[in-house]
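Visitor: I would like to be shown how the hollows of a protein model are named, and what reasoning stands behind each name.

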Amino acid sequence: MKYSIKVFKPTGTSDLLYNSVIKYIKKPLRILDLGCGSGYVGIKISNNTKHKCNFFFSDVSSAATKLTQKNILKNKINGLVKTGSLFLPWRGYRFDIIINDVSGICKSLSNISPWYNKSIPANSGIDGTNLTIKFLDKTLNYLNKNGLIFFPVISLSNSKKVLSFAKKKFRFLKKIASKDWPLPKEMYNHIELIDDLSKKKLISIKKKFGLVIFKTEIYLAKV
Ligand SMILES: C[S@@+](CC[C@H](N)C(=O)[O-])C[C@H]1O[C@@H](n2cnc3c(N)ncnc32)[C@H](O)[C@@H]1O
């Protein structure tokens, strides 16, 4: 895999998402990796499943989609890569599995995090939910019958708001993985901001042994 300073580098959440999705691939399927960054999640699935799936990748960042295109060629994956926001590139398409990994943490935190920089789009709003909620609102229009939707909810966003929206939208919603992480060291310089977001209930963190802990949960949704 190739990475670039202008494109999101995979994190523990990327691997948690991959590990959660791969278990559900039991036959050839059409799989969309939305918010693909370098293409890491979809490519790792393709490299580790024995089923001949069709892969589709998209990201609003053209640096990301160019890199994904290089990475799928390198990995000899026959995938389709498109550039555009959320489902804009996918009018008329339907998928069996939709993996959402668009930016989903408070904007003020992505600004100070080691994961994002000015070249990596993260217009997720003050509570980090804007893009995920837009995704959840539209995703059923792009899902085949019996299709599955996977998405992470990071506690550096208003998780409760995302989950209450998802509960209204889907008949089936299940948490299938969860992992705690220590906040990256660089972010402790902004502890007042973090405490303020937590007090306003825009994020949810724990403090343990002098560390700030946040959480990623992976959800599976279907009709
Ligand atoms: C958390 S990163 C995930 C990247 C990749 N899935 C990974 O695990 O490395 C979020 C990605 O969402 C993309 N993104 C941000 N806004 C978007 C939008 N409106 N539509 C599609 N992708 C978006 C960013 O460019 C970034 O690549």
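Guide: What follows is a set of questions and answers on the pockets, the cavity and the ligand of this model, which is predicted.

Visitor: How do you know that the ligand sits in the largest pocket?

Guide: A molecule is said to sit in a pocket if more than half of its atoms lie within 2 Å of the grid points of that pocket, and the ligand is placed in the largest pocket by that rule. The volume of this pocket is about 730 Å³.

Visitor: What makes up the lining of the largest pocket?

Guide: A lining residue must have an atom within 4 Å of a point of the pocket, and 44 residues line the largest pocket, with Phe 8, Asp 101, Val 102, Ser 103 and Tyr 116 lying nearest its centre. Among the elements that give two or more residues to this lining are α1 (12–22), β1 (30–34) and β8 (211–222), and the largest share, 3 residues, comes from α1. By class, the lining holds 23 nonpolar, 17 polar and 4 charged residues.

Visitor: Why is the approach of Asp 59 to the ligand called a polar contact?

Guide: A polar contact is a pair of N or O atoms within 3.5 Å, and a polar side-chain atom of Asp 59 lies 2.6 Å from an oxygen atom of the ligand, so this pair falls under the cut-off and earns the name. For Asp 101, a polar side-chain atom lies 2.8 Å from a nitrogen atom of the ligand, while Val 60 takes part through a backbone N or O atom, 3.3 Å from a nitrogen atom of the ligand. The protein buries 96% of the 590 Å² that the ligand exposes when taken alone.

Visitor: Which residues are the closest to the ligand?

Guide: The closest are Ser 14, Gly 35, Asp 59, Leu 86 and Asp 101, out of 19 residues that surround the ligand. This shell divides into 10 nonpolar, 7 polar and 2 charged residues.

Visitor: What makes a hollow a cavity and not a pocket?

Guide: In a cavity a 1.4 Å probe fits but cannot get out, whereas a pocket is open. The count here comes to 1 cavity of 30 Å³ or more, and about 40 Å³ of space lies in the largest cavity, so the value passes the limit of 30 Å³. Gly 104, Thr 132 and Val 162 are among the residues that line this cavity, and β5 gives the most to the lining, with 3 residues. The lining divides into 4 nonpolar, 4 polar and no charged residues.

Visitor: Where does the second largest pocket have its centre, in terms of the residues nearest to it?

Guide: Ser 157, Asn 158, Ser 159, Lys 160 and Ser 204 lie nearest the centre of the second largest pocket, which is lined by 14 residues. Two or more residues of that lining come from each of α6 (159–169) and β8, and the space in this pocket is about 280 Å³.

Key: Residues are numbered from 1 along each chain as its sequence is written. This is a predicted model: local features need pLDDT of at least 70, side-chain atom pairs count only at pLDDT 80 or more; totals for chains, interfaces and linings use all residues. Side-chain values use heavy atoms; hydrogens and water are left out. On a 1 Å grid over the protein atoms alone, a cavity is a set of points where a 1.4 Å probe fits but cannot get out, and a pocket is an open set with protein on both sides within 12 Å along at least five of seven lines; lining residues have an atom within 4 Å of a point. Helices (H or I, at least four residues) and strands (E, at least two) are DSSP runs, numbered from the N terminus. Ala, Val, Leu, Ile, Met, Phe, Trp, Tyr, Cys and Pro count as nonpolar, Asp, Glu, Lys and Arg as charged, and the others, Gly among them, as polar. A residue is near a molecule or strand if one of its heavy atoms lies within 4 Å of it. A polar contact is a pair of N or O atoms within 3.5 Å; within protein, one must be able to donate a hydrogen and the other to accept it, and residues adjacent in sequence count only if both atoms are side-chain atoms. Accessible areas come from the Shrake-Rupley method with a 1.4 Å probe; for residues, only the protein chains shown count as cover.
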